[in-house]
Amino acid sequence: MIQLNPGIVRFSGKIINAGGGGAYVNFPHNVEEMFGMKGRVPVNVIFEKKVKYRGSLAKMGTEFHVLIVLKSIREQLGKDFGDEINVELELDTVKRKVSIPSYLKKVLEANQTTKEKFEKLAYSHQKEFVTWINGAKKKETRDLRVQKFLEMMSNK
């Protein structure tokens, strides 16, 4: 480990195939000792001094905390499974907040119980819902996804 300045850590590791197209790199240090946290640790990352990423260190059924290396990042860097990757990261202390599009805000305002449930979800789950709904190419598909979202939230 090389400390650049307090809180910034540099390391390199092998990109490991997580299956299904996903990949990660092991974080080679004790997260609890280094950051005073267990579980998910929000971090700001720079891969290969080129690509910035806002993510988390997490235990994903692994011995060590891991850092996801998105396919889009691997493509930008020309890296693949088994390649070494240089990582610089620091603890992300900024509160994470999902940008909710206006049409979804209206739906949430009209469904107070759903809004309260949504606000209690972890940032990553909120982001997944918004990304999934926004990913629809047609308005009809988006509307169907909003309805499915409402159904899913009513079952929580």
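## Exercises on a predicted model

Val 66 touches Tyr 24, Val 25, Asn 26, Phe 27, Ser 56, Leu 57, Ala 58 and Met 60, leaving aside residues up to four places away in sequence. Keep in mind that this is a predicted model.

**Exercise 1.** Is Val 66 buried or exposed?

Solution. Start with where it sits: Val 66 belongs to strand S7, residues 66-68. Next, take its relative accessibility, which is 2%. Buried means under 20%, so Val 66 counts as buried.

**Exercise 2.** Find the largest nonpolar core and say which strand gives it the largest share.

Solution. Begin with the core itself: it has 22 residues, and those with the most contacts inside it are Phe 47, Leu 57, Leu 67, Val 87 and Leu 89. Then go through the elements that give it two or more residues; among them are strand S5 (41-47), strand S6 (51-58), helix H2 (71-77) and strand S8 (84-91). The largest share, four residues, comes from S5. Now zoom in on Leu 67: its contacts include Phe 47, Leu 57, Val 87 and Leu 89.

**Exercise 3.** Work out which residues of helix H3 are buried and what covers them.

Solution. Walk along H3, residues 102-110, and pick out the buried ones: Tyr 103, Leu 104, Val 107 and Leu 108. They cover an arc of only 135° around the axis, so they lie on the same side of H3. The face turned away from that side carries the exposed residues Ser 102, Lys 106 and Ala 110. Finally, look at the cover over the buried residues, which includes helix H4 (112-120), helix H5 (123-134) and helix H6 (139-154).

Technical notes:
Residues are numbered from 1 along each chain as its sequence is written. This is a predicted model: local features need pLDDT of at least 70, side-chain atom pairs count only at pLDDT 80 or more; totals for chains, interfaces and linings use all residues. Side-chain values use heavy atoms; hydrogens and water are left out. Buried means under 20% relative accessible area, exposed over 50%, partly exposed in between (1.4 Å probe, protein chains only). The arc is that of the directions from the helix axis to the C-beta atoms. Contact means heavy atoms within 4.5 Å. A nonpolar core is a set of buried Ala, Val, Leu, Ile, Met, Phe, Trp, Tyr and Cys residues joined through side-chain atoms within 4.5 Å.
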